Amino acid sequence: MPIIAISLITVVSAVVGLNVALPEIARATGATQTELTWIIDAYTVVFAALLFFAGALGDRYGRKRLLAIGLVVFGLAAVGGTFVTNPTQLIVVRALMGLGAAAVMPTTLSVITTSFPEEERPRAIGAWVGMAGAGAIIGLLFTATLLEFFAWQSFFWLNVVLATMATIGTLLRIPESIDAQPPTLDLVGGLLSLVGVGGIVFGIIEGPDRGWSDPATVAALAAGLTGLAAFVIWELGRPEPLLDPRLFRQRGFTTGSVAIAATFFCWFGVIFTVIQYLQFVVGYSPLHAVAALLPIPFVLLPTARNAPKLAARIGFRRTVPLGLLLLAAGLFVLSRVTVELSYPTFALGLVLSAAGMGLSGTPSTSAVTASLPPAKQGVASAMNDTAREFGAALGIAVLGSALAQTYRTAMLPAVAGLPDQAAQAILGSVAFTQAPELSRLGARGQQLVTQGHQAFVDGVGAALVIAAIVALSLAVVVFLAAPSGDQVGPGHEADRRELPAGK
């Protein structure tokens, strides 16, 4: 379990750890708000799009082997990240790290679900969910500490160290497991999933900057939707699909996947927006900003561990919607942030959100992994992880785009009369408020800083309200659509009997 924990923390910390370095990256490289979104989401898009294919590879060639290869690819890409100097290079490195992470994450959960007996599996999954959530905070905390003493590239050395430790531990301690009857590899399905996820996320991220009617934006969204539709059609026609769409006939499988995606849509979008708010607007250092988030692990970890007990008592159908309702309440509280931070209110929003994530995450993960037999846990784990990462990618894209659109719209009147280059820099990122050149503009410069901070806060508020509405809406959906049995998870055979023959 410790090696699995290190491997999981390695890839999860990389999802959000770089968030705390975004202000420094913006100042050092001139990255716009859209480029900052891509720097975070390039990793998550590749990660999410290839999880199904990676899960099938683990079933076929061995989960230990795939875990080790993924960690090596991840580590080598991180080494390359220490030498990048501009946003484009950084986006490419993050995409390569996502390729390695796609091989790591489903393997960590499938090793757990194939190693623990059925009666102990919910607690093991609860620990996995807690580690996944805590890994995000660990990544933020370690990165923030490094940034107190070193440049932003030090984030990548943290990734290298974690990947090296996890690789050595995997080779020495993790047992090999493999599907006795591995499926044929579905290269077409893997490519279609990449096109579908990548196209949708590209369109959402680029929309505020290029315009929603821009040909590139429209083409990307159309390609993404077409790719996902083609993926479903292709998988329905295959005898051994990466993901059998008929699995979604099972209400436990479907509602579990939806709840996971909703939770991480909100959670990672929140981290992306709130970290920038604390540094750009409130003026916190990276370490101070992360310290402000410390209530999260103290609430998330015990809640995630105990969620299976609550689900066993009141049922999946009540536990998960309760978690999503708490998450929505926390997001509404956080959406009320102002330029002057009221920390008690802010902390209340964090506590409610973390409790909601813990309550919804573990039972939902149990529902998904319980839907397939042990030999197919690579694919089951990939479904769980894809729901997480696709939700995270969409959350960062949608909430990041809402923030950028609101900020840009609010600042358009403020830049009237300025030289075009200066106006575009101000519209591109709130990082302009920390530029020393503003002092030359005197009162106009101070006015721009004030307007920029307020515009950014308005963007954060708009993004968090969207997230809260998503959580609230899907709480209702899960409550209405989930099975009415006492629990959904390991041993819940009612859903398994609905599996198509041979699956």
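This section describes the overall fold, the salt bridges, selected buried polar residues and a nonpolar surface patch of a predicted model.

The chain has 503 residues, of which 59% are buried. It contains 19 helices and zero strands. Contacts over long sequence separations dominate: among contacts with a separation of 6 or more, 83% join residues 24 or more positions apart. The chain exposes about 18,400 Å². Carbon and sulfur atoms supply 67% of that area.

Salt bridges were examined next. Side chains of opposite charge can pair when their charged atoms come close. The count for this model is three salt bridges. One of them joins Asp186 and Arg238, with an N to O distance of 3.4 Å. Asp186 sits in the loop between helix H8 (154-173) and helix H9 (187-210), and Arg238 sits in the loop between helix H10 (215-236) and helix H11 (251-281), so the pair ties together parts that are 52 residues apart in sequence. Both partners are covered. Asp186 has a relative accessible area of 2% and is buried. Arg238 is at 16% relative accessibility and also counts as buried, because the cut-off is under 20%.

A salt bridge also links Glu206 and Arg210, at 2.9 Å from N to O. Both residues belong to helix H9. They are four residues apart, about one turn of the helix. Their exposure is uneven. Glu206 counts as buried at 8% relative accessibility. Arg210, by contrast, is partly exposed, with a relative accessible area of 42%.

Arg246 and Asp244 form a further salt bridge, with N and O 3.2 Å apart. Here the acidic partner is the covered one: Asp244 is at 5% relative accessibility and counts as buried. Arg246 counts as partly exposed at 21%. That value is outside the buried class, because buried means under 20%.

Arg94 presents another arrangement. This residue lies in helix H6. Arg94 is buried yet has no salt bridge. The nearest side chain of opposite charge belongs to Asp41, 7.7 Å away. This distance does not qualify as a salt bridge, because the pair would have to come within 4 Å. A backbone group is within reach instead: a polar atom of the Arg94 side chain lies 2.9 Å from the backbone oxygen of Ile39. Beyond its neighbours within four places in sequence, Arg94 is in contact with Ala14, Val15, Leu18, Ile39, Ile40, Ala42, Tyr43 and Phe155. Ile39 thus appears both as a contact of Arg94 and as the owner of the backbone oxygen at 2.9 Å.

Two serines were also examined. Ser401 is placed in helix H16 (residues 377-411). At 6% relative accessibility, Ser401 counts as buried. Its side chain reaches the backbone oxygen of Ile204 at 2.5 Å. Leaving out residues up to four places away in sequence, Ser401 touches Ile204, Ile205, Pro208 and Ile396. The C-alpha atoms of Ser401 and Gly459 are 9.2 Å apart in space, although the two residues are 58 residues apart in sequence.

Ser360 is found in helix H15 (residues 343-369). Ser360 is buried, with a relative accessible area of 1%. The Ser360 side chain reaches the backbone oxygen of Met357 at 3.4 Å. With residues up to four places away in sequence set aside, Ser360 touches Thr263, Val320, Gly323 and Leu324.

The surface was then inspected for nonpolar residues. Ile69, Val73, Val92, Leu96 and Leu99 make a nonpolar surface patch of about 400 Å². Helix H5 (63-81) and helix H6 (87-115) each supply at least two of the patch residues. H6 gives the largest share, three residues. Val73 comes from helix H5. It counts as partly exposed at 32% relative accessibility. Val73 is eligible for the patch on area, because patch residues need over 30% relative accessible area. Helix H6 therefore carries both patch residues and the buried Arg94.

Notes: Residues numbered from 1 in each chain as written. Predicted model: local features only at pLDDT ≥ 70, side-chain atom pairs only at ≥ 80, totals over all residues. Heavy atoms only, no water. Patch = residues over 30% accessible without salt bridge, like charges linked within 9 Å, V, L, I, M, F, W, Y side chains within 5 Å. Areas by Shrake-Rupley, 256 points an atom, 1.4 Å probe, with all protein chains shown as cover. Buried < 20%, exposed > 50% of the residue type's maximum accessible area, 1.4 Å probe, protein only. Lys, Arg positive; Asp, Glu negative; His and termini not counted. Polar contact = N/O pair within 3.5 Å; in protein donor to acceptor, adjacent residues only side chain to side chain. Contact = heavy atoms within 4.5 Å.
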